[in-house]
Amino acid sequence: MSDIPEGFEPIFRTSPYLELLGPIFNKKTKATLIIGLRAEEKHCNARGLVHGGVFSSLADVALGYNAAFQGEQPVPLVTANLSIDYAGSAKLGDWIEVHTDTQKVGKSMAFANCYFLVDSKRIVRASGVFSVIKT
């Protein structure tokens, strides 16, 4: 996987849906979990640009994982709201990174924001609200 930037490894937690979407990568820092994806043909629309649905799915993962894994123990969450704004695009072969800022994880709700970058340029922003599942 020489085309994957240094420090990224296959995502630590996956699902059947993410296996179809991926391969998805992550890079852990002290403050956050950065999500990465190399745009493949399966991610692109008929114009050769990454489909908006791919960005929505990656936003849900980046926001949810960052909020859920903030503390010592994971917090079980489900998406209550996902808002996404497209300010640019990505094309076949681009390396896409998702940088997240978790605003708050409370007893019943969690809030987070993220930006998608290609070559250090912001192309998408998203915010999510998550409900904490009572166990």
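**Figure 1. The second largest pocket of the predicted model.** In this predicted model, the second largest pocket encloses a volume of about 210 Å³. Its lining consists of F12, K28, T29, K30, A31, T32, L33, Y65, N66, F69 and Q70. Sorted by class, these lining residues comprise 5 nonpolar, 4 polar and 2 charged residues. Two of the lining residues, F12 and F69, form the ring pair of Figure 2, and N66, also part of this lining, is the subject of Figure 3.

**Figure 2. The F12 and F69 ring pair, with K28 over the ring of F12.** Over the whole structure, 7 aromatic pairs are found. In the pair shown here, the ring centres of F12 and F69 are 5.1 Å apart and the planes meet at 85°; because planes over 60 degrees apart count as edge-to-face, the pair belongs to that class. F12 is located in the loop between strand 1 (9-10) and helix 1 (16-21), and F69 in the loop between helix 2 and strand 4, so the pair ties together parts that are 57 residues apart in sequence. F12 counts as partly exposed, at 35% relative accessibility, and F69 also counts as partly exposed, at 32%. The ring of F12 has a further partner: the charged end of K28 sits over it, at 4.7 Å from the ring centre. K28 and F12 both belong to the lining of the second largest pocket.

**Figure 3. The surroundings of N66 in helix 2.** N66 lies in helix 2 and lines the second largest pocket. Is this residue buried or exposed? With a relative accessibility of 3%, N66 counts as buried, since the cut-off for that class is under 20%. Leaving out residues up to four places away in sequence, N66 touches T32, L33, V61, T100 and T102. Of these, T32 and L33 appear in the lining of the second largest pocket as well. The C-alpha atom of N66 is separated by 8.0 Å from that of A112, a residue 46 positions away along the chain.

**Figure 4. The largest pocket and its lining.** The largest pocket has a volume of about 300 Å³. It is lined by 16 residues, of which R13, G64, Y65, A68 and L77 are the closest to the pocket centre. Two elements, helix 2 (52-68) and strand 4 (77-86), each supply two or more residues to the lining. Which element gives the most to this lining? Helix 2 does, with 5 residues. By class, the lining is made up of 11 nonpolar, 3 polar and 2 charged residues. Y65, one of the residues closest to the centre of the largest pocket, is also found in the lining of the second largest pocket.

**Figure 5. An aromatic cluster of F8, F25 and W95.** Ring pairs link these three residues into a cluster. Within the cluster, F25 and W95 form a tilted aromatic pair, with 6.1 Å from centre to centre and 50° between the planes. F25 belongs to strand 2 (residues 25-28) and W95 to strand 5 (residues 95-105), so the pair ties together parts that are 70 residues apart in sequence. Both F25 and W95 are buried.

**Figure 6. The cis peptide bond between G22 and P23.** The bond that joins G22 and P23 is cis, with omega at about 20°. P23 is placed in the loop between helix 1 and strand 2, the strand that contains F25 of the cluster in Figure 5.

**Figure 7. The environment of A39.** A39 occupies a place in the loop between strand 3 (33-38) and helix 2. Its relative accessibility is 3%, so A39 counts as buried. Apart from neighbours within four places in sequence, A39 is in contact with V50, K91, L92, G93, D94 and I96. The C-alpha atoms of A39 and D3 are separated by 11 Å, and the two residues are 36 residues apart along the chain.

**Figure 8. Positive phi values at D119 and S120.** Both residues are found in the loop between strand 6 (109-118) and strand 7 (121-132). Phi of D119 is near 50°, a positive value in a residue other than glycine. S120, likewise not a glycine, has a positive phi of about 65°. D119 is exposed, with a relative accessible area of 72%, and S120 is exposed at 69%.

**Figure 9. R122 over the ring of Y115.** R122 lies over the face of Y115, at 3.6 Å from the ring centre.

Notes:
Residues numbered from 1 in each chain as written. Predicted model: local features only at pLDDT ≥ 70, side-chain atom pairs only at ≥ 80, totals over all residues. Heavy atoms only, no water. 1 Å grid on protein atoms, 1.4 Å probe; cavity = no way out; pocket = protein on both sides within 12 Å on 5 of 7 lines; lining within 4 Å. Points joined across faces, edges and corners; volume = space filled by probe spheres on them. Helix = DSSP H or I, 4+ residues; strand = E, 2+ residues; numbered from the N terminus. Nonpolar A, V, L, I, M, F, W, Y, C, P; charged D, E, K, R; others polar. Buried < 20%, exposed > 50% of the residue type's maximum accessible area, 1.4 Å probe, protein only. Contact = heavy atoms within 4.5 Å. Phe/Tyr/Trp six-rings, centres within 6.5 Å; stacked < 30°, edge-to-face > 60°. Lys NZ or Arg CZ within 6 Å of the ring centre and 35° of its normal.
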